[in-house]
Amino acid sequence: MLPQTTLLALLASTTLASTLNKRYTFPLPESKGSKTFDEPYEIAEGEIYDGGMQTFGRGVECSGQSEGGEDDTVFIIQEGGTLKNAIIGPDQSEGVYCKGSCTVENVWWEAVCEDALSLKGGSTFKISGGGAQGADDKVIQHNIGGDVTIDGFTVYNFGKLYRSCGNCDEMYQRTVTISNVIAVDGKSMVGVNQNFGDVATITDTCATDVKDICISYEGKEDGSEPDEISKGPSESCQYTEPLAEC
């Protein structure tokens with residue numbers, strides 16, 4: 001039999017998780033219809049695509065954390081393009097790729113598969129409103145260099161909200177500015193590479209049941225796994241602890 005102190009700790013943990021799940025509901029908007037693409041829908045350079053709050057998918061089962069590619073995405077956004085007012089359904093593997101600077105506005109992921117949003121090209125990325133849930137690993141994967149702004153986003157039941165790639169073929173300096181974000185039930189909000197000069201700035205954001213807010217890593221150019229350097233506020237992770245509860 002487990003010691004009484006262990007049983008009490010387990011009971012408290014279970015009660016907390018149960019209470020959290022009961023009081024928090026991911027605010028997924030009501031869908032106005034659905035579309036299933038046979039191939040990725042490409043948003044052209046400078047185009048604004050308004051999804052009208054419909055749900056978009058590819059009609060496939062999520063392949064988990066198996067690395068997919070461009071052909072598995074729902075949307076591909078070219079330089080200067082905008083995707084707005086859309087719900088990405090669970091029947092997809094790779095979500096959305098930005099192949100140039102892009103704006104993603106009021107876009108919701110009903111269930112993240114491998115990643116929700118991958119930043120593959122460009123230099124300036126704006127994520128405004130929207131949200132994502134059910135990410136085993138990353139929600140936003142930043143592979144190219146440049147600056148990312150995440151404002152008014154909601155993330156629930158996730159691995160990482162944002163990760164600056166730690167071992168891409170080409171490594172860059174990256175910055176991310178996070179504000180007015182609601183984060184509930186996650187492993188870490190942000191991961192950045194200190195040795196490449198990455199900086200994450202977090203303001204006006206709340207977090208409940210998020211294990212780590214910001215982790216600094218030593219990114220690698222040889223493809224090996226990055227090493228963790230520190231957790232919490234640092235030169236690379238600029239915010240004030242503790243964040244408010246959501």
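Where is Ser93 found? In this predicted model, Ser93 lies in the loop between β5 and β6, the latter spanning residues 96-98. The notes below take up the pairing of strand β3 with β1 and β5, then the surroundings of Ser93, and finally the salt bridges, of which the count comes to seven.

**Strand β3 and its partners**

- Strand β3, which covers residues 48-57, is mostly covered, since seven of its ten residues are buried.
- On one side of the pairing scheme, strand β1 (residues 34-36) runs parallel to β3 and is joined to β3 by three bridges, and within this pairing Thr36 has Gly57 of β3 as its bridge partner.
- Strand β5 (residues 81-88) also pairs with β3 in the parallel sense, here over six bridges, and Phe56 stands opposite Ile88 of β5.

**Ser93 in the loop after β5**

- Ser93 counts as buried because its relative accessibility is 9%, which falls under the 20% cut-off for that class.
- Leaving aside residues up to four places away in sequence, Ser93 touches Val60, Glu61, Cys62, Ser63 and Asp72, and also Cys113, Glu114 and Asp115.

**Salt bridges around Asp137**

- The side chain of Asp137 meets that of Lys138 in a salt bridge with an N to O distance of 2.8 Å, and both Asp137 and Lys138 are buried.
- Asp137 also forms a salt bridge with the side chain of Lys160, again given as 2.8 Å from N to O; this pair links distant parts of the chain, with Lys160 in strand β12 (residues 154-164) and Asp137 in strand β10 (residues 131-142), 23 residues apart.
- Asp137 has a relative accessible area of 19% and is therefore classed as buried, the limit for that class being under 20%.

**The Lys220 pair and the shared network**

- The side chains of Lys220 and Asp227 meet in a salt bridge of 2.9 Å, N to O.
- Which class of accessibility does Lys220 belong to, buried or exposed? Lys220 is buried, because its relative accessible area is 16%, whereas Asp227, at 37% relative accessibility, counts as partly exposed.
- Through salt bridges that share partners, Asp115, Asp137, Lys138 and Lys160 are joined into one network, and Asp115 is also among the residues that Ser93 touches.

Notes. Residues are numbered from 1 along each chain as its sequence is written. This is a predicted model: local features need pLDDT of at least 70, side-chain atom pairs count only at pLDDT 80 or more; totals for chains, interfaces and linings use all residues. Side-chain values use heavy atoms; hydrogens and water are left out. Buried means under 20% relative accessible area, exposed over 50%, partly exposed in between (1.4 Å probe, protein chains only). Helices (H or I, at least four residues) and strands (E, at least two) are DSSP runs, numbered from the N terminus. Two strands pair if DSSP finds at least two bridges between them. Contact means heavy atoms within 4.5 Å. A salt bridge is a side-chain nitrogen of Lys or Arg within 4 Å of a carboxyl oxygen of Asp or Glu.
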